[in-house]
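Welcome! Below you will find a handful of short exercises, each with a worked solution, to help you find your way around a new structure. Keep the view open beside you as you read.

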Amino acid sequence: MDAFHRWKQTLLAALLLALTVTVWVLFAPQQVGGNAAYVIIIGNSMEPAFHRGDLVIVRRAPLYQVGEAVAYRDPRLQRYIFHRILERQGNRFLLKGDHNDWVDSYQPQVEEIVGKQWIHLPGVGRVVQTLRQPWALGVLAGLTAGILAAIFLLARPSGRRRQVHGAWENGVSMGKLAALLSQWRRRLPCGARRRVLSDAAESVRADPRRLGLWLEIVFFVFGLLAFLSLVLGIFAFTRPLTRLAPDDVEYQHNGVFSYIASAPAGIYDAPQVMPGQPVFPRLTCLLTVNFDYALLGEDVQRVHGTYRLTAHVREERSGWERVLLIQPETPFEGRTYTASNVVNLCSATALVETLQEKTEYRSPYYTLTLAPRVTVQGEVAGRALEDTFSPTLTFNFDSLLFYLRREDEESNPLVATQSGVLKGWKSEPNMLPIFGKAWPVGALRAVATTGLVLSLTALGALLWFVSVLARRSPTELAQVRYGAALVRLQPNATPPAAPLVEVASLDDLARLAERHGAAILYQPRQPLHYYFVAAPGITYRYAVSEGPGGVLTASLVQLESDLRRALEQQEFQVYYQPIVSLADRQIVGVEALLRWQHPQHGLVSPTEFLAAAEASGLIEPIGAWLLETASAQCHAWQAAGLNLRLAVNLSARQLTPALIRQVRHLLRISGLAAGQLQVEIPEARVLEQAEEVLPCLRELNDEGVHIALDDFRGRTSVLTLENLPLHSIKLDRPWLEEISDPQAAKTLQHGIDATRAYGLEIIAEGVENEAQLHFLLATSCTLAQGYFFARPLPAEQVTQILRGQNPLPASEGSGKEEQP
C-alpha cells in the first residue's frame with residue numbers, strides 16, 4: 001500500500017476520531033464526565049407533548065429560562081422529575097407539569113437541575129426499558145459476537161491480497177498535485193527554492209521510510225485538528241457571543257420586638273417584666289412594646305416609608321375579632337426605624353369580658369396580636385424598591401395572664417424577617433459547556449479559527465512538500481510513497497533473470513505488483529535507480545535517474561499574539577550593558593537591550609522573538625516603547641548628575657518619519673542632548689536597504705543624533721562608508737572571537753585601520769577575556785563592552801555601579817555573551 005493511500009485512510013481515521021470526540025461531547029452521560037442525561041417518561045404529567053415511554057435527552061446548561069422543560073432530582077421522592085419552569089425565585093425554580101393543576105412542592109436550586117430538554121425521542125424509552133431485560137441483553141450479546149466473528153472471517157487476507165495500492169485509483173496523480181501547487185513554488189526566490197529542494201532531498205535520502213511515517217503522523221494530527229476545529233467552529237459560530245442572565249438583587253426586612261412592663265418587687269427576678277416573660281393584668285395593665293426595623297441589602301439609598309401598628313383581639317375558634325389602632329400611619333426616612341408604643345392590656349380583657357357578659361360565650365383563651373405594617377420605598381443597588389413588611393407578635397391570654405405565643409421551640413417570636421428579590425437581567429459572555437466545563441463562546445471561536453487556519457496551512461505545506469518531491473526528487477518520493485512495499489537490493493546484486501518489460505511510471509509498476517501480489521524490488525545504481533516486479537516468466541522494470549533534491553524549511557513560530565499580550569501587560573524589560581572607555585575603565589555609556597519576562601519561560605532573549613516582531617510589524621511599537629523607556633531612564637540618570645550616552649538598536653523597518661518625530665519629542669521632553677542618543681543600525685541591513693534607510697539616517701544626523709554601524713564585519717564598501725552619516729562602528733562579536741587565528745586578527749586589524757581613516761569611533765562588543773582586551777588596546781580601540789566588564793543589568797544595578805556602591809568588576813566571567 002503506498003503512502004498516499006495510507007494518508008487517505010489516516011485522514012478518514014482522523015475524521016472518525018473527530019466524530020467520536022464530537023459524539024462524546026454531545027451525548028456522554030454526566031456520570032462519566034459528560035453533559036447529557038437520559039430521562040424516560042413514566043407518568044402523564046407532561047402530556048400532551050410528552051407521553052409515557054418517551055426518551056428525553058437533557059443537557060446541562062449554564063442558564064435556565066422560564067418556560068423550559070428541565071429535569072431535577074427530588075430528594076424527598078428519591079427520583080428524577082421532568083417538569084417545566086414557571087418562575088425563578090432567587091436561586092430556586094418554581095416548576096409544574098404541563099398536565100398538572102398544582103405546582104411542585106420542591107423548588108430545586110440551579111445546582112440541582114440536571115439539564116434542560118435537548119432531544120425528544122417518542123417511544124424510544126420503552127425500547128430502552130425492554131433492552132434492560134435479561135433475555136434482551138443475552139440476545140444483543142449474541143448478535144454482537146456473531147457480527148464480530150463475521151467481520152473477522154471476511155477480513156482474513158487471501159493469498160492474492162493486494163500489497164501495494166496506487167494513488168491513481170483515487171483519481172489523484174502527483175502530476176495534477178504538482179500542477180495545483182506549482183504557483184507556491186514559483187513564489188520562492190530561485191536561490192531559496194534550490195536550497196529548499198536540496199535539503200528536502202537530503203532529509204528524505206537519510207531515512208525515507210521514517211520521513212514517510214512522520215508525514216503520515218503529521219497528516220493525521222493536522223487532519224484531526226482540522227475536523228475538530230471545524231466541529232468546534234460550527235458550535236461556536238452558531239451561538240451568540242452574549243446572553244441575558246438573571247441579575248437579581250436580594251434584600252431583607254428585619255424586625256425585632258421587645259416589651260417591658262412595671263411590676264412589684266418579688267414577682268420577677270428584675271424590677272420589671274422582660275421580653276419573653278408573662279404579664280399579669282392585675283399587676284400592670286400597661287405594656288410598652290418596642291419595634292426595631294431595618295432594611296438590609298446592597299447599596300440601600302433614599303429609603304422612606306410609613307409605620308402603622310394595630311392590635312387584634314381574637315377568639316380563634318369562633319373567629320370573633322376586634323381591632324384596636326395603637327399608632328396611626330407615621331412617615332419615616334432612612335433604612336432603620338424604631339417605634340415604641342404603650343398597649344393597654346386591660347382594654348383587651350375588657351373587650352373579652354363584654355363579649356362574655358353579653359353572649360355568655362366562654363373560651364379557654366384568647367389572642368392579642370400586635371401587627372406592625374411597614375411600607376417602604378427606596379433604592380437597592382440602584383433599583384427601585386416598593387414593598388410592605390407585616391410581622392406579628394402574638395400573646396395568648398385569659399383573665400389572669402398574657403403569655404408569648406410560640407409556634408415551636410426553636411423559633412424566636414420576637415424576631416421577624418422577610419426576604420425579597422428585585423429581578424433584573426444583565427448581558428454576559430455566552431458559554432458553551434464542553435467536557436463538563438463552560439467555555440466562553442468568543443474564546444472558542446478564536447480557538448476554532450486558529451486551529452482551522454493552522455491545520456489547513458500545515459496540510460497545505462505538506463501537499464506542497466509532496467509536490468516538490470514529485471517534481472524534483474522522484475526517487476525519494478517513491479521511497480516515501482512505497483516504503484512499506486519496497487525491498488531494497490544491494491547495488492551489486494543480480495536482478496531477477498527473466499525477460500524485461502519496461503514500464504512508463506512507478507505507478508504502473510505498483511499496479512502490476514498489486515495485480516501479481518508481489519513486492520517491489522529496489523536497487524540503487526548511481527545515478528540510476530531501478531524498481532523491479534518479478535511475475536511468473538517476466539520481470540517488469542522502471543528506471544529513473546537521480547536528480548537534485550530540495551529542502552523543507554520549517555516556518556518560524558508565530559509569536560505575534562504573545563508579543564501583543566506582552567506589550568499590553570508590560571512584560572518587556574530593558575537591561576543596560578555598560579560601555580567602557582578603555583583608557584580609564586570608566587563607564588561612558590550604556591546600551592539598552594530588550595528582554596521579555598515571559599510568564600511561562602522566564603527571561604527571554606530578543607533573538608527568540610525579534611524576527612517574529614519584524615515580520616508582524618510589532619517591531620515598531622516595541623522599538624518605540626524601548627526608545628521611550630530607555631530615554632526616560634537616561635533622563636533620570638542625567639537628573640542625578642550621571643551623564644551617559646544611550647545606545648539603542650534599531651531595525652531598518654523602524655527608520656521611518658515616525659521615528660524622527662518620536663526622537664524629536666523624546667529629546668524635547670527628556671532634556672537629553674542629541675549627541676547623548678546613539679542609534680545603532682546593523683551593517684547587513686544597511687547593505688541590503690541602503691537607499692531606503694539613508695534618508696532617515698541623514699535626518700537623524702541633522703538632529704545631532706549619534707549614529708553607529710552595528711555588527712560591523714568590514715563588508716561595507718568605501719563608497720558606502722563615505723555616503724553614510726556615521727559617527728561610530730561596532731565590531732561584530734564573532735569577528736573578535738576569531739583573533740586567536742593570526743589571519744583573522746590581521747583582517748580585523750586592517751578593518752580597524754581602514755575605519756579609523758574615516759575618523760569613525762570604534763566600539764568593540766562582546767569582549768570576554770584578557771586576550772581580546774589586549775588586542776583592542778594594541779589597535780587603539782577606544783570603547784568596548786562585554787561580559788568581561790559587565791553583563792546587561794537592570795537599571796537599578798547600573799545605578800549602583802555608577803554611584804560607586806557596586807564597583808565595576810575587572811571580569812564578569814568567561815561565559816558566552818547573549819545577543820542583544
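Let us begin with one pair: Lys-730 forms a salt bridge with Glu-591, and their closest N and O atoms are 2.9 Å apart. Please keep in mind throughout that this is a predicted model.

**Exercise 1. Follow the salt bridges around Lys-730**

Task: Find which parts of the chain Lys-730 and Glu-591 link, and then find which residues are linked with them in a network of salt bridges.

Solution:
- Step 1. Locate the partners. Lys-730 is in strand 33 (residues 728–731) and Glu-591 is in strand 28 (residues 587–598), so the pair, 139 residues apart, links distant parts of the chain.
- Step 2. Look at their surroundings. Lys-730 and Glu-591 are both buried.
- Step 3. Look for another partner. Glu-680 also forms a salt bridge with Lys-730, with the closest N and O atoms 2.9 Å apart. This pair links distant parts of the chain as well: Glu-680 belongs to strand 31 (residues 677–682), and Lys-730 to strand 33, 50 residues apart.
- Step 4. Check burial once more. Glu-680 is buried, as is Lys-730.
- Step 5. Put the network together. Its linked residues are Glu-591, Glu-680, Lys-730 and Glu-765.

**Exercise 2. A second salt bridge**

Task: How many salt bridges does a search of the whole structure find? Then describe the one between Lys-116 and Glu-68.

Solution:
- Step 1. The search of the whole structure gives 18 salt bridges.
- Step 2. In the salt bridge between the side chains of Lys-116 and Glu-68, the N to O distance is 3.2 Å.
- Step 3. Lys-116 sits in strand 6 (residues 113–121), while Glu-68 sits in the loop between strand 2 and strand 3 (69–74); the two are 48 residues apart and link distant parts of the chain.
- Step 4. Lys-116 has a relative accessible area of 26%, so this residue is partly exposed.

**Exercise 3. A buried charge without a salt bridge**

Task: Asp-54 has no salt bridge; is it buried or exposed? Find what lies around its side chain.

Solution:
- Step 1. Asp-54 lies in the loop between strand 1 (36–40) and strand 2 (55–59).
- Step 2. Asp-54 is buried, and the nearest side chain of opposite charge, Arg-126, is 5.8 Å away. A salt bridge needs the nitrogen and the carboxyl oxygen within 4 Å.
- Step 3. A polar atom of the Asp-54 side chain lies 2.9 Å from the backbone nitrogen of Gly-123.

**Exercise 4. A polar contact from a helix**

Task: Which side chain does Gln-356 join in a polar contact?

Solution:
- Step 1. Find Gln-356 in helix 7 (residues 345–359).
- Step 2. Its relative accessible area is 18%, so Gln-356 is buried.
- Step 3. The side chains of Gln-356 and Tyr-366 are joined by a polar contact of 3.2 Å.

**Exercise 5. Two surface patches**

Task: Which residues make the nonpolar surface patch, and which gather in the patch of negative charge?

Solution:
- Step 1. Trp-24, Val-32 and Phe-435 make a nonpolar patch of about 320 Å² on the surface.
- Step 2. Phe-435 is in the loop between strand 20 (431–434) and strand 21 (437–440). Its relative accessibility is 52%, so Phe-435 counts as exposed.
- Step 3. The negative patch on the surface gathers Glu-407, Asp-408, Glu-409 and Glu-410.
- Step 4. Glu-410 lies in the loop between strand 17 (402–404) and strand 18 (415–422). Because its relative accessibility is 79%, Glu-410 counts as exposed.

**Exercise 6. Backbone angles to look at**

Task: What is the phi of Asp-299, and what is the form of the peptide bond from Glu-47 to Pro-48?

Solution:
- Step 1. Start from the background: most residues other than glycine have a negative phi, and most peptide bonds are trans.
- Step 2. Asp-299, in the loop between strand 10 (286–297) and strand 11 (300–315), has a positive phi near 55°. With a relative accessible area of 44%, Asp-299 is partly exposed.
- Step 3. Arg-302, in strand 11, also has a positive phi, about 55°. Arg-302 counts as exposed at 59% relative accessibility.
- Step 4. The peptide bond from Glu-47 to Pro-48 is cis, with omega near 10°. Pro-48 is placed in the loop between strand 1 and strand 2.

How values were computed: Residues are numbered from 1 along each chain as its sequence is written. This is a predicted model: local features need pLDDT of at least 70, side-chain atom pairs count only at pLDDT 80 or more; totals for chains, interfaces and linings use all residues. Side-chain values use heavy atoms; hydrogens and water are left out. Patches are made of residues with over 30% relative accessible area and no salt bridge: like charges are joined within 9 Å, nonpolar side chains (Val, Leu, Ile, Met, Phe, Trp, Tyr) within 5 Å. Accessible areas come from the Shrake-Rupley method with a 1.4 Å probe; for residues, only the protein chains shown count as cover. Helices (H or I, at least four residues) and strands (E, at least two) are DSSP runs, numbered from the N terminus. Buried means under 20% relative accessible area, exposed over 50%, partly exposed in between (1.4 Å probe, protein chains only). Lys and Arg count as positive and Asp and Glu as negative; His and the chain ends are not counted. The place of a charge is taken as NZ of Lys, CZ of Arg, CG of Asp or CD of Glu. A polar contact is a pair of N or O atoms within 3.5 Å; within protein, one must be able to donate a hydrogen and the other to accept it, and residues adjacent in sequence count only if both atoms are side-chain atoms.
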